[in-house]
Amino acid sequence: MKHRLNIIIGSTRPGRAGPVFAEWLEKFAREQGQFEPVLTDIAAFHLPVLDEPHHPRLGNYQNDHTKAWSKAIDAADAFVFVAPEYNYFAAPAIVNAIDYLAREWKYKPAAIFSYGGVSGGLRAAQALKPLLTSVGIVPIPEGVALPLYQKLLDGNGAFDASEQVQGGTRAMLDELLRWSEALKPMRAG
């Protein structure tokens, strides 16, 4: 059975580019055939700023949006965060979504597919890693960064990945699968 890969769209703002990259990544991962990729759009869960009365480690969720988010994340074996860079940092929607849960994240590897200006979102990716580790996610070193991402979109807003991006994505997914396999006994326990 293939490992489930949640491709998490990390921006919720109008006009965001994240869905374009996530849809490309989902198709690429499906064609590669190692994972069962699932698009997971934070915006679809309508998560307000953390509004649960109990600490996430208790799993005593009161709100339907949290229960739905918990179910989606719990089902995953691995993650790719499609992460924009906002003000040299990770998007607030990603930070908030991670903070909602605790046990659902544990012992699952994550890669970061970042995009932004000159840095390609690398500052956001680096800022995100300590948060991921604090909830038990294992961020892997391999990732993809798209600098000046607007120039990578055609006139219709579609993304046509270069050979370099495809190669980097292939290497990222290969390594993510290795980590997902290695951590599987810990997820089962």
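Which residue in strand 2 does Ile-8 stand opposite? The partner is Thr-40. The model is predicted, so local features need pLDDT of at least 70, side-chain atom pairs count only at pLDDT 80 or more, and totals for chains, interfaces and linings use all residues. Residues are numbered from 1 along each chain as its sequence is written, and side-chain values use heavy atoms, without hydrogens and water.

Helices (H or I, at least four residues) and strands (E, at least two) are DSSP runs, numbered from the N terminus. Two strands pair if DSSP finds at least two bridges between them. Strand 1 covers residues 3-9. Seven bridges link strand 1 in the parallel sense to strand 2, residues 35-41. Within this pairing, His-3 has Phe-35 as its bridge partner. Strand 1 also runs parallel to strand 3 (residues 78-86), with five bridges. There, Ile-8 stands opposite Phe-81.

Six of the seven residues of strand 1 are buried (under 20% relative accessible area, with exposed over 50% and partly exposed in between; 1.4 Å probe, protein chains only). Helix 1 (residues 18-32) joins strand 1 and strand 2 in a right-handed β-α-β unit. Right-handed means that, with the strands pointing away from the viewer, the path from the first strand over the helix to the second runs clockwise.

Helix 3 spans residues 92-99. Its buried residues are Ala-93, Ile-94, Asn-96, Ala-97 and Ile-98. Their cover includes helix 2 (64-74), strand 3 and helix 4 (122-134).

Note on methods. Contact means heavy atoms within 4.5 Å.
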